[in-house]
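Please open the model in your viewer and keep the sequence panel visible beside it. This tour proposes a series of selections and states what is to be found at each.

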Amino acid sequence: MQQKTKLFLQVLKYSIPHLGKCMQKQPLNHCNFADHYYNRIKLKKYHLTKYLQNKPKISELARNIPSRSFSCKDLQPVKQENEKPLPENMDAFEKVRARLETQPQEEYEIINVEVKHGGFVYYQEGCCLVRSKDEEADNDNYEVLFNLEELKLDQPFIDCIRVAPDEKYVAAKIRTEDSEASTCVVIKLSDQPVMEASFPNVSSFEWVKDEEDEDVLFYTFQRNLRCNDVYRATFGDNKRNERFYTEKDPSYFVFLYLTKDSRFLTMNIMNKMTSEVWLIDGLSPWDPPVLIQKRIHGVLYYVEHRDDELYILTNVGEPTEFKLMRTAADTPAIMNWDLFFTMKRNTKVIDLDMFKDHCVLFLKHSNLLYVNVIGLADDSVRSLKLPPWACGFIMDTNSDPKNCPFQLCSPIRPPKYYTYKFAEGKLFEETGHEDPITKTSRVLRLEAKSKDGKLVPMTIFHKTDSEDLQKKPLLVHVYGAYGMDLKMNFRPERRVLVDDGWVLAYCHVRGGGELGLQWHADGRLTKKLNGLADLEACIKTLHGQGFSQPSLTTLTAFSAGGVLAGALCNSNPQLLRAVTLEAPFLDVLNTMMDTTLPLTLEELEEWGNPSSDEKYKNYIKRYCPYQNIKPQHYPSIHITAYENDERVPLKGIVSYTEKLKEAIMEHTKGTGEGYQAPNIILDIQPGGNHVIEDSHKKITAQIKFLYEELGLDSTSVFEDLKKYLKF
């Protein structure tokens, strides 16, 4: 059986076109059911340049981007020892732990897009799709299945891999760094593997086997950032390719997810507030699909399967937060759903994984991470509070029903391996070399009181031995849209800043999803200004508690986070010295009134419809960054934009920049000779991706800008950055 990943809830991996102006791999209402691949820490004696990506969670951006590998050589010097062979009867967890304990952690890389099937591991090696025996996955003994260079693409990388049930075929989705366009290639596995077919603009795809043991590939087709069509194809002597389903409502998109036991292929039709799921029989894929529950506005639900029962994560009923329900697979309608497990207040469901006898929920409660292990035989619940330094999960695949592995990370700490062993009822952590950052830095969780009394959580990082924090530079992070959490995966450049004395603050404002669905609802539509008030309260609280000062305070945001960042620059510019924005959404009003743009209809649930409702039009005018530019002092702003970005069109960013410069020039005329006007920089990058997260050029440009604006010496920080980035 093909191994399934744990990202059951991640309906946002490739499908969510609407991330566009908004973006950041989104909330449950924008979920992508998981990719069946995972990130794996691979210890090496040398450095390989590969793609580093952190697996997006439910609340994260629906896209994959290539990244760089980084080295821990100077952070964890360990004397090399001879590696001893591992006993054959040792289980998977013990093998991982044994390797971590015995191998030197001079350098490591995170390898993305890796699938285990049968006795093989499928992954990318250089410019090739390859496979190797599972036990030889860490060696260079592999079989080349396909050379990506045959597609004539510029620096292609594998975004997703699926293996047919009996390993006759493997399908791989291939992209490039500077474009969201993708190609799905199907490789026939034989003594001499050959490309059987290729399909353009594929979003999600899954294999099933029919009654005659024929492999059937279901896939969704994306057009103009919308994913409305489902196709199914067969290969070999009985080759065919036919459209299976078309969604007529342009505000919805379609995503495919194969349940972990491969019993059903689910066809998920959803928008930001509503979902509908159809079941395709994994044993009889030519039969008509079965509807679980017709879409009801405001009701979201996602489905897993185990032992003829459906487990349904849904917000139906009161309170309108996510809860786990179940019903028999042959009576799936909503009136048959029985409540199985409820979440505590202020809880965000990050992910769910299903095992033979257990269901595991990955949660964030009051800004701390938890794992809840539910015994399906006796309905017992074991709640595990995870280390306070942890800010994010990285999910792992798992073929062993005895163990549930995952990794924890933070913006300044690389991933660390954990495994919950069901038989022992205990959580085991990776042993061996402890990252020195645990002793040299602190993580604090504070709250700011917004003007309406709401307590807004913040996560702060700084060096343990820092003295007089009020004189240290501060970098504030904000997003606050689509019910999505701030991204808090490991970022080498963030670690370097902390090592250089910076304070990092992550403000989990309303509109995001850190405290559940209501937290999102309280920051969207005509409550969007709550997020702005929260951001102001966070920065003032930080200053009030002795973290930095306005002249040393900087702010960073990307995509939809640009709305709150830009609004703050208009309403309270004296709080900031400098701002970096990436692919920012700055002209909300004009964008939402342009129905010819591919994402406008899908965004109405977040921003409202200013074209047909004056209430929304007037409200957007109150906070829209572009609409509220005025002659006044502004912080210096560095904007990174992408030439062919379809999600946040370049036109709006250019218009914002020009209008801002005009306002600054007008303000400068009325000031004295000693006035220093802020620097406004627009850096337009080539390519059509929405955000190239790990571009070395972008990272260095942003850090250089921040140091220059604050008058700081950047020599040491760039030397430290070279330890991680391969220039």
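The stops below begin with the whole chain and then turn to individual loops.

**The whole protein**

Display the entire protein as a cartoon, bearing in mind that this is a predicted model. The cartoon contains twelve helices and 38 strands. Of the 727 residues in the protein, 64% are buried. Now switch on the surface: its accessible area comes to about 26700 Å², and carbon and sulfur atoms account for 47% of it. Contacts may also be considered along the sequence. Among those in the protein with a separation of 6 or more, 61% are between residues 24 or more positions apart.

**The loop between S11 and S12**

Select Glu211, which lies in the loop between strand S11 (202–209) and strand S12 (215–223). Add Glu212, Asp213 and Asp287 to the selection; with Glu211 they form a negative surface patch. Next, centre the view on Asp213, which is found in the loop between S11 and S12. Is Asp213 buried or partly exposed? With a relative accessible area of 46%, Asp213 is partly exposed, because this value falls between the 20% and 50% limits. Its backbone also deserves attention: phi of Asp213 is near 60 degrees, a positive value in a residue other than glycine. Most residues other than glycine have a negative phi.

**The loops on either side of S20**

Move to Asp308, in the loop between strand S19 (301–306) and S20. Here too the backbone angle is positive, with phi of Asp308 near 65 degrees. Asp308 has a relative accessible area of 57% and is therefore exposed, the cut-off being over 50%.

Continue to Pro319, located in the loop between strand S20 (309–314) and strand S21 (323–328). Show the backbone atoms from Glu318 to Pro319: the peptide bond there is cis, with omega near -10 degrees. Most peptide bonds are trans.

**Lys454 and its contacts**

For the final stop, select Lys454 in the loop between strand S31 (441–449) and strand S32 (455–463). The relative accessible area of Lys454 is 32%, so this residue is partly exposed. Which residues is Lys454 in contact with, leaving aside its neighbours within four places in sequence? They are Ala448, Lys449, Arg510, Trp519 and Asp522. Finally, draw a distance between the C-alpha atoms of Lys454 and Asn530: these residues are 76 residues apart along the chain, and the two atoms are separated by 9.5 Å.

Technical notes:
Residues are numbered from 1 along each chain as its sequence is written. This is a predicted model: local features need pLDDT of at least 70, side-chain atom pairs count only at pLDDT 80 or more; totals for chains, interfaces and linings use all residues. Side-chain values use heavy atoms; hydrogens and water are left out. Patches are made of residues with over 30% relative accessible area and no salt bridge: like charges are joined within 9 Å, nonpolar side chains (Val, Leu, Ile, Met, Phe, Trp, Tyr) within 5 Å. Accessible areas come from the Shrake-Rupley method with a 1.4 Å probe; for residues, only the protein chains shown count as cover. A salt bridge is a side-chain nitrogen of Lys or Arg within 4 Å of a carboxyl oxygen of Asp or Glu. Lys and Arg count as positive and Asp and Glu as negative; His and the chain ends are not counted. The place of a charge is taken as NZ of Lys, CZ of Arg, CG of Asp or CD of Glu. Helices (H or I, at least four residues) and strands (E, at least two) are DSSP runs, numbered from the N terminus. Buried means under 20% relative accessible area, exposed over 50%, partly exposed in between (1.4 Å probe, protein chains only). Contact means heavy atoms within 4.5 Å.
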